Amino acid sequence: MALQGPIPISFELLFPHGCYVVGEVSAAKDFDAKRDTQAKDKVTGLPVWQVPVMDADPSLKAAQKTVTVKILAEVQPVVPPSLPGVPLAPAEFEGLEVKPYVHQATGRLAYSISARVMRAPRSGTAGKSSAAAKDAA
């Protein structure tokens, strides 16, 4: 099979309606370590950060809307500014990869999402994100 490891994916394909940061960026824990340490990416060696985001797809059920995106970066990423009058911060991610795995508790297929960069949406997509955020609020 040609696919080995993480699957590269574009932001537009993963979040066609955009996404919004709904929490703080925090260090991802290394659950394999004996001490409370930050996880490091096994391939790049970069520290792993995590941020909860809400998918703006209106067809998703409430339980499916919030996902965690892991960001591989030397320094802690900064959440983009929120929209005026709305407590949501639209974000876009670059260098996205999806890693399928079997969830141990449920036995179902699940996905881990990682990125290299988190930033404010480009001006061409900001209008679409702004309208969706007002609808979500």
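Is Phe11 buried or exposed? In this predicted model, Phe11 counts as buried, because its relative accessibility is 9% and the cut-off for burial is under 20%. That residue makes a handy entry point, and the overall layout of the chain is a good thing to have in mind before going further.

The secondary structure of the chain comprises three helices and nine strands. Followed along the sequence, these elements appear in the order β-α-β-β-β-α-β-β-β-β-β-α. The chain has 137 residues, of which 35% count as buried. Among contacts with a separation of 6 or more, 61% are between residues 24 or more positions apart.

Back to Phe11, which has an aromatic partner. A search of the whole structure finds one aromatic pair, and it is formed by Phe11 and Phe15. A pair of aromatic rings is described by the distance of the centres and the angle of the planes. For Phe11 and Phe15, the centres are 5.6 Å apart and the planes make an angle of 40°. The pair is therefore classed as tilted, since stacked rings have planes under 30 degrees apart and edge-to-face rings over 60. Phe15 is buried as well, with a relative accessible area of 3%.

The next feature to look at is the largest pocket, whose volume is about 1500 Å³. Several elements give two or more residues to its lining: helices H1 (11–14) and H2 (62–65), together with strands E4 (48–55), E5 (66–72), E7 (97–102) and E8 (109–115). Strand E8 provides the largest share, with six residues. In total, 39 residues line the largest pocket, and those nearest its centre are Lys70, Tyr101, Tyr111, Ser112 and Ile113. By residue class, the lining of the largest pocket consists of 20 nonpolar, eight polar and eleven charged residues.

Strand E8 also holds Ser114. How accessible is Ser114? With a relative accessible area of 4%, Ser114 is buried. Beyond its neighbours within four places in sequence, Ser114 is in contact with Lys70, Gly95, Leu96, Glu97 and Lys99. One of these partners, Lys70, is also listed among the residues nearest the centre of the largest pocket.

Strand E9, which covers residues 117–119, includes Arg119. Although arginine carries a charge by residue class, Arg119 is buried here, with a relative accessible area of 17%. What joins the side chain of Arg119 to that of Glu94? The link is a polar contact of 2.5 Å between the two side chains. Glu94 also appears among the residues that Arg119 touches, together with Pro80, Pro90, Ala91 and Glu92, when residues up to four places away in sequence are left out.

Ser26 offers a contrasting case of accessibility. This residue belongs to strand E3, made up of residues 26–27. At 30% relative accessibility, Ser26 counts as partly exposed, because that value falls between the 20% limit for buried residues and the 50% limit for exposed ones. Setting aside residues up to four places away in sequence, Ser26 touches Trp49, Gln50 and Gln76. Ser26 can also be placed relative to Ile71: the two residues are 45 residues apart along the chain, and their C-alpha atoms are separated by 9.9 Å.

Technical notes
Residues numbered from 1 in each chain as written. Predicted model: local features only at pLDDT ≥ 70, side-chain atom pairs only at ≥ 80, totals over all residues. Heavy atoms only, no water. Phe/Tyr/Trp six-rings, centres within 6.5 Å; stacked < 30°, edge-to-face > 60°. Buried < 20%, exposed > 50% of the residue type's maximum accessible area, 1.4 Å probe, protein only. Helix = DSSP H or I, 4+ residues; strand = E, 2+ residues; numbered from the N terminus. Polar contact = N/O pair within 3.5 Å; in protein donor to acceptor, adjacent residues only side chain to side chain. Contact = heavy atoms within 4.5 Å. 1 Å grid on protein atoms, 1.4 Å probe; cavity = no way out; pocket = protein on both sides within 12 Å on 5 of 7 lines; lining within 4 Å. Points joined across faces, edges and corners; volume = space filled by probe spheres on them.
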